[in-house]
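Dear colleague,

I am passing on a structure for you to look through at your own pace. Please open it beside this message, so that each residue can be found as you read.

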Amino acid sequence: MPKTTHPSTHPPLPPTTEDDRVSWLRLLRSRRVGPATFHRLLSEHGSAEAALAALPEVARAAGVPDYTPCPLGVVEAELRAGQAIGARLLTSADPAFPQALRDIPDCPPLLWIMGDPALLARPMIALVGARNASSLGTRMARSLAADLSARGYLIVSGLARGIDTAAHLGSVERGTVAVMAGGVDVIYPAENTKLAGDILATGLRLSEQPIGLIPQARHFPSRNRLVSGLAQAVVVVEAAAKSGSLLTARNALDQGREVMAVPGHPIDARASGCNMLIRDGATLIRNAEDVIDALPQVQSIKIPPQPDLPLAPAAAPSLRDIAGLHAQILNRLGPSPLAEDQLIRDLATPAHRVAPALLDLELDGRITRHPGGLLALAR
C-alpha cells in the first residue's frame, strides 16, 4: 500500500520557560487556532507572546472583528486543574515529547499526560478496530497486544469499547498508551474507568484537549491522528467499510506509517474494512510475528516489574443503568430539535452522566447534534 512520507515542517524550537508554556497554552486555546495555525503563527511572529499580540489584527484581516485571544485566567485554571490530578503538560519543544508526533504535519503543540513520560521513547504499534467487535476479534486483539508487548513494543489505542479495550487489556501489564478524545482525566466510556486507572500503573494516558473536556463526536478524528502518529504501524483488527478505524488507517498512510490488517470472513460486515485494506495493499496479519517481520527489528526491552499501586477508581454506572438512560433520552427526543440543557433538566440527571450517553447515541447514529446545542432523533 503506497505511503506518503512527510518530513517535519516544524522549525526546531528552544526549550520553553514556564511563562512560554502559559503563552503557548493561551495561543492554542484561542478561538480558531488549531495546531497548523499555531505553528504558522509561531513561525511568523517568533514567539507565542508576540503571536497573541498580533492575533486580533490577524483575525480582523480574515474578516473576524472584535477578536479576543484566550484570557489568561482560563489557562491558569486549566494548569491548576492539571496539577490537581497529577497531569503533566508537555510542549513539542520538551525533550520528553514523542519524536514521532513532531514529524506529522499537524503536530500537537501541547499534550497533557498522566503516567511515565519516559515510555514515549519506546517503539509503538497501534491496534484499532470496531467498537462492536466480535468475540473472535477481541481475542485476536488481546493476543496480538500481549505478544507484541512481550517483544518490547508499546501498544497504543484509543480506550474505546471493543478492539481498543482488548488491546489495552492485553498489554496493560507491560505498559500501554491510551489516547483520549476528551480531557486526559475524562474516562469514556465509563465502563473503562478501572482499566484507565490500571493503565497509569505501568503506562500512560495522553490528550491534546483541555483538562475536564467531555468528548464529542468531532473530537475523535483528531484523537485518531495521534493514535496513528505515535506508532510505527497501525494494525486494524476489525472494521466496517465506513468506520473510524479506516480513517485512522488513512491517517497512518498520510503520516508515512505502515498499515496492516487482520483478515475476516467475507460476509461479516465487521471484517469488510480490513479485507478492503488488504485488497489495496495493506500487510495481512495472522499473528505478532507477521507484524514484527514487516518492521525493522528492535531489541527486546526488559521492563522492570512495577509495584502494585492502590487504585480507587470512581464507581462506573452499570450497563443496565446506561441502557436505561439511553432509552430515556430517545423517548424525550423527536424530529424537532431540543436544547441539550433543557433535555438534562427534563431528565433530572446530572450533566456529567448525560453527556457520555449523548455521545454514545451520536456515535451510533441514533441522534443528531444541530448548531446551537440542539439535539434531535436521527432521520
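Below is what was found in it, beginning with the sheet and ending with the cysteines.

Please keep in mind throughout that this is a predicted model. Its nine strands form an open sheet, and their order across it is S1-S2-S6-S5-S4-S3-S7-S8-S9, with mixed pairing. At the edges lie strand S1 (88–91) and strand S9 (283–284), each of which pairs on one side only.

A good place to begin looking is strand S7, which covers residues 233–236 and pairs in the parallel sense with strand S8, residues 258–261, over four bridges. Within this pairing, valine 235 stands opposite methionine 260 in S8, while alanine 233 stands opposite glutamate 258 in that strand. The chain passes from S7 through H10 to S8, and this β-α-β crossover is right-handed. Strand S7 also runs parallel to S3, to which it is joined by four bridges, and there isoleucine 125 stands opposite alanine 233. As for the side chains of S7, Ala233 and Val235 point one way and Val234 and Val236 the other way, and all of them are buried.

Two helices that lie across the strands are also worth finding. Helix H10, made of residues 244–254, lies across S3, S7 and S8, and it runs at about 155° to S7. Helix H7, made of residues 163–171, lies across strand S3 (124–128), strand S4 (154–157) and strand S5 (176–179), and it runs at about 160° to S4.

Next, please look at arginine 21, which is found in helix H1, residues 18–29. Is this arginine 21 buried or exposed? Its relative accessibility is 16%, and because buried means under 20%, arginine 21 counts as buried. The side chain of arginine 21 reaches the backbone oxygen of leucine 89 at 2.8 Å.

Finally, there are the cysteines. A disulfide is a covalent bond between the sulfur atoms of two cysteines. How many disulfides does the count come to here? With a cut-off of 2.5 Å between the sulfur atoms, the count comes to zero disulfides. Two cysteines can still be described by their surroundings: cysteine 70 is buried, with a relative accessible area of 7%, and cysteine 107 is buried as well, with a relative accessible area of 2%.

With best wishes

Notes: Residues numbered from 1 in each chain as written. Predicted model: local features only at pLDDT ≥ 70, side-chain atom pairs only at ≥ 80, totals over all residues. Heavy atoms only, no water. Pairing = 2+ DSSP bridges. Contact = heavy atoms within 4.5 Å. Axes fitted to C-alpha atoms, helices over the stretch in contact; angles between N-to-C directions. Buried < 20%, exposed > 50% of the residue type's maximum accessible area, 1.4 Å probe, protein only. Polar contact = N/O pair within 3.5 Å; in protein donor to acceptor, adjacent residues only side chain to side chain. Right-handed = clockwise from strand over helix to strand, strands pointing away.
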